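Visitor: I am new to this structure and would be grateful for a close look at a single part of it. Please choose a loop, describe it with care, and then show how its surroundings fit together.

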Amino acid sequence: MHAIRKKRLITLAVILFILSAALGLVLYALQQNINLFYSPTQIALGEAPENTTIRAGGMVVKGSVKRDANTLAVTFAVTDFKHSVQIQYQGILPDLFREGQGIVAQGKMLSNGVFSASQVLAKHDEKYMPPEVTEALEKAQQQTNPTSSSTLER
Amino acid sequence: MNWIWFHKLGSPKWFYQWSSKWALPVFSMGLLAMLVGVGWGLGFAPTDYQQGDTYRIIYLHVPAAVLAESCYLSLGVAGFVYLVWQMKMAPIFIKSMAPIGAAMAAIALLSGAIWGKPTWGTWWVWDARLTSVLVLFLLYMGIIALQNTLEDAALANQATAIVSVLGLINLPIIKYSVNWWNTLHQPASFSLTEKPAMPMEMWLPLLIAVIGFYCLVVGLVMWRMQSEILLRERRTQWVKEKVMNHGV
């Protein structure tokens with residue numbers, strides 16, 4: 001390779017390396033701000049600040065959703081299968097909200113350990129499946145193991 | 001190793017003649033595959049157990065997002081080639097490709113917002129994936145703006161090449177944002193190493209649509225490069241002869 005080209009190549013490679021290293025360190029330092037939400041474990045360990053607006057995310061615990069009969073108020077728990085957090089919310093939930101679904105709630109951590117949400121967003125996973133397949137899977141699972149409940153939520 | 005193809009690619013005249021043969025077939029094939037893939041996905045693929053018909057926007061959203069990233073990767077490589085080897089064709093490529101990539105990023109962002117409203121419950125959230133794709137779109141915009149503001153062609157070539165190369169750092173951030181941080185956006189449904197997270201009657205139309213988008217973009221960029229070559233090489237003998245003999 002021509003000497004001047006080699007020099008340019010090396011300069012460029014060094015610049016790119018330094019920049020990516022710098023950016024990597026910045027992103028690493030800002031990790032907590034880039035994370036969209038706190039997990040129930042982080043909240044349980046006290047990493048989430050109280051009385052500031054934050055987001056909490058996790059899986060809605062099965063059987064934990066309690067709706068108020070007269071208002072739109074609803075309480076439920078979210079879990080990351082290590083810890084769980086109780087959430088209260090007043091308003092319309094997204095269509096995909098259901099037990100066993102991942103959600104992200106925006107709101108404040110109250111001093112009594114309950115998360116008061118002002119907005120609830122539903123997460124969905126990267127798996128897509130036709131409804132017939134889900135039904136068949138559920139059926140197969142019930143046949144092999146009739147006592148356990150299905151892992152696939154309808 | 002045989003580098004003749006690389007040197008040939010550096011000749012505007014050779015590229016013009018070569019791409020004149022290939023642009024139309026590649027573009028037509030891309031258009032056909034895109035129509036088949038998107039039509040199949042929107043009309044005939046099975047619904048999703050969870051999202052119903054809403055998930056079908058994937059057949060537009062994913063190809064556009066894949067292309068937005070791939071186009072940028074190609075810009076970065078071209079920028080690198082220009083900065084090291086000063087190849088004439090590289091800035092022509094960057095100038096021709098940037099608006100196409102920007103359009104793809106815009107389609108990905110808009111279709112994602114339209115998808116987000118019914119499924120997540122919001123048009124936009126500042127999570128790592130969405131924000132890094134917005135940065136990608138802004139990088140494209142920056143390259144286009146630089147190209148159009150700098151009147152000195154040599155300076156414009158240099159500046160757009162530098163931005164293209166530096167912007168490459170954003171690509172792994174986009175790709176791994178959903179794995180490194182907590183995001184609202186779900187992780188990738190496809191990877192080269194694992195089975196797709198959906199059955200074949202869902203991913204096959206998507207694959208066809210992605211291939212279609214690729215070919216479409218390649219055809220488009222060839223045409224855009226041809227006009228750019230004619231413009232930049234207008235003082236050379238072969239362009240003069242071509243215009244005299246055939247018109248443009």
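Guide: A residue is called buried when its relative accessible area is under 20%, exposed when that value is over 50%, and partly exposed in between. Please bear in mind throughout that this is a predicted model.

The part chosen is the loop between α3 and α4 of chain B, where Gln86(B) is found. With a relative accessible area of 37%, Gln86(B) falls in the middle class and is therefore partly exposed. The backbone of Gln86(B) deserves attention, for its phi is positive, near 55°, although the residue is not a glycine. In general, most residues other than glycine have a negative phi. Gln86(B) follows α3(B). That helix, α3(B), has 28 residues and spans 40 Å from its first C-alpha to its last, close to the expected 40 Å.

The loop also holds a charged residue, Lys88(B), which forms a salt bridge with Glu233(B); the closest N and O atoms of the two are 3.5 Å apart. Glu233(B) belongs to the loop between α8 and α9 (237-246) of chain B, while Lys88(B) belongs to the loop between α3 and α4, so the pair ties together parts that are 145 residues apart in sequence. The two partners differ in their exposure to the surface: Glu233(B), at 8% relative accessibility, counts as buried, whereas Lys88(B), at 47%, counts as partly exposed.

From here one may turn to helix α8 of chain B. Arg232(B) and Glu228(B) form a salt bridge, with their closest N and O atoms 2.8 Å apart. Both residues lie in α8, four residues apart, and so are separated by about one helical turn. Glu228(B) is buried because its relative accessibility is 10%, while Arg232(B), at 29%, is partly exposed. This pair does not stand alone, since Lys95(B) is linked with Glu228(B) and Arg232(B) in a network of salt bridges.

Another salt bridge of chain B joins Asp53(B) to Arg56(B), the closest N and O atoms being 3.0 Å apart. Asp53(B) is partly exposed at 48% relative accessibility, and Arg56(B) is buried at 10%. Over all chains, the count comes to five salt bridges.

The helices on either side of the chosen loop meet a further helix. Helix α5 (residues 128-149) of chain B has 22 residues and reaches 31 Å from its first C-alpha to its last, close to the 32 Å expected at 1.5 Å a residue. Among its buried residues are Leu130(B), Val133(B), Leu136(B), Phe137(B), Tyr140(B) and Ile143(B). The buried residues of α5(B) pack against α3 (58-85) and α4 (89-119), together with α6 (153-167), α7 (170-180) and α8 (200-232), in chain B. The packing also crosses to the other chain, where α2 (31-34) of chain A takes part.

That crossing leads to the interface as a whole. In total, 42 residues of chain B are in contact with 40 residues of chain A. As a general matter, the size of an interface is often given as the accessible area lost when the parts come together. For these chains the buried area is about 3600 Å², and carbon and sulfur atoms give 64% of this area. The count of salt bridges between chain B and chain A is zero.

Chain A offers a counterpart to Gln86(B) in Asn51(A), which is not a glycine and has a positive phi of about 60°. Asn51(A) is placed in the loop between α3 (40-44) and β1 (53-60) of chain A, and at 49% relative accessibility it counts as partly exposed.

Finally, the surface of chain A carries a nonpolar patch formed by Ile10(A), Val14(A), Phe17(A) and Ile18(A), with about 420 Å² of accessible area together. One of these residues, Ile18(A), lies in helix α1 (residues 3-29) of chain A, and its relative accessibility of 52% means that Ile18(A) counts as exposed.

How values were computed:
Residues numbered from 1 in each chain as written. Chains lettered and ligands numbered in written order. Predicted model: local features only at pLDDT ≥ 70, side-chain atom pairs only at ≥ 80, totals over all residues. Heavy atoms only, no water. Helix = DSSP H or I, 4+ residues; strand = E, 2+ residues; numbered from the N terminus. Expected span 1.5 Å × (residues − 1). Buried < 20%, exposed > 50% of the residue type's maximum accessible area, 1.4 Å probe, protein only. Contact = heavy atoms within 4.5 Å. Patch = residues over 30% accessible without salt bridge, like charges linked within 9 Å, V, L, I, M, F, W, Y side chains within 5 Å. Areas by Shrake-Rupley, 256 points an atom, 1.4 Å probe, with all protein chains shown as cover. Salt bridge = Lys/Arg side-chain N within 4 Å of Asp/Glu carboxyl O. Buried area = accessible area lost by both parts, 1.4 Å probe.
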